[in-house]
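Open the model in your viewer and keep the selection tool at hand. We will go stop by stop.

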Amino acid sequence: MVWQRGPLPWSYERKVEDFLKPGVRRLDICGDMPDCEPDSFDLVTAYQTELDLNVIVRALCKNGFLVTQQIGARNRPERPDYNLENEGPRLEAAGFRIMYSHQGYYQDERGTLQHRFIMIGKLIQK
């Protein structure tokens with residue numbers, strides 16, 4: 001594990017912006033997973049919230065995208081195995097091809113140690 005100072009080496013907001021084109025149907029998950037029609041969205045975004053991959057796969061059209069940034073195990077003592085190494089294979093098992101992933105261990109501006117990871121996946125099989 002490599003600790004760094006300063007911001008994360010990616011910007012979640014910029015990664016999401018890369019997918020926001022005219023006509024893209026987006027579901028932004030903030031807390032509880034909404035009930036929605038199957039194949040309703042081209043893009044699902046989730047920022048530091050629990051993921052129900054069954055609901056996400058149902059909501060996404062085939063070849064749709066998931067962009068998520070999560071709080072890792074360093075900051076979630078109740079989930080000591082919650083990291084990119086474990087969540088990446090879970091995403092793949094749900095039918096996604098991971099297009100981008102990165103994990104960061106850093107000190108924030110207050111000197112507090114933080115752990116975050118980001119994954120971008122394309123749903124290739126339903």
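This tour of a predicted model visits strands, then salt bridges, then a cavity.

**Stop 1: strand E2**

Select residues 26-29, which form strand E2. Which residues sit on its covered face, and which on its uncovered one? Leu-27 and Ile-29 make up the covered face. Arg-26 and Asp-28 make up the uncovered face. Now add E3 to the selection. E2 and E3 run parallel and are joined by 4 bridges. Look across from Arg-26: Leu-43 in E3 stands opposite.

**Stop 2: strand E3 and its neighbour**

Stay on E3, residues 41-47. Is this strand mostly covered or uncovered? Mostly covered: 5 of its 7 residues are buried. Next, select E4, residues 60-71. E3 pairs with E4 over 6 bridges, in the parallel sense. For one contact to look at, pick Tyr-47; its bridge partner in E4 is Gln-69. Then add helix H2, residues 53-59. E3, H2 and E4 together form a β-α-β unit, and the unit is right-handed.

**Stop 3: a link between two loops**

Show side chains now. The whole structure holds 8 salt bridges. Select Glu-50 and Arg-79. Their side chains meet in a salt bridge, at 3.7 Å from N to O. What does this pair tie together? Glu-50 lies in the loop between E3 and H2, and Arg-79 in the loop between E4 and helix H3, so the pair connects parts that are 29 residues apart in sequence. How open are the two partners? Glu-50 has 41% relative accessibility, so it counts as partly exposed. Arg-79 is at 25% and also counts as partly exposed.

**Stop 4: Glu-78 and Arg-76**

Select Glu-78 and Arg-76. These side chains form a salt bridge at 3.4 Å, N to O. Click each partner in turn. Glu-78 is exposed, at 56% relative accessibility. Arg-76 is buried, at 11%.

**Stop 5: helix H3**

Move to H3, residues 84-93. Select Arg-90 and Glu-87. Their salt bridge spans 2.7 Å, N to O. How far apart are they along the helix? They are 3 residues apart in H3, so about one helical turn separates them. Arg-90 is partly exposed at 35% relative accessibility. Glu-87, at 8%, is buried.

Now select Glu-50, Arg-76, Glu-78, Arg-79, Glu-87 and Arg-90 together. What links these six residues? They belong to a network of salt bridges.

**Stop 6: the cavity**

Keep Glu-87 and Arg-90 selected, as both also line the largest cavity. How many cavities of 30 Å³ or more are there? The count is 1. The space in the largest cavity is about 30 Å³. Add the rest of its lining: Leu-51, Leu-53, Gln-70, Tyr-82, Leu-91, Phe-117 and Met-119. Two elements give two or more residues to this lining: H3 and strand E6, residues 113-123. Which element gives the largest share? H3 does, with 3 residues.

Finish by colouring the lining by class. You should find 6 nonpolar residues, 1 polar residue and 2 charged residues. Glu-87 and Arg-90 thus appear twice on this tour: in the salt-bridge network and in the cavity lining.

Note on methods
Residues numbered from 1 in each chain as written. Predicted model: local features only at pLDDT ≥ 70, side-chain atom pairs only at ≥ 80, totals over all residues. Heavy atoms only, no water. Salt bridge = Lys/Arg side-chain N within 4 Å of Asp/Glu carboxyl O. Buried < 20%, exposed > 50% of the residue type's maximum accessible area, 1.4 Å probe, protein only. Pairing = 2+ DSSP bridges. 1 Å grid on protein atoms, 1.4 Å probe; cavity = no way out; pocket = protein on both sides within 12 Å on 5 of 7 lines; lining within 4 Å. Points joined across faces, edges and corners; volume = space filled by probe spheres on them. Nonpolar A, V, L, I, M, F, W, Y, C, P; charged D, E, K, R; others polar. Right-handed = clockwise from strand over helix to strand, strands pointing away.
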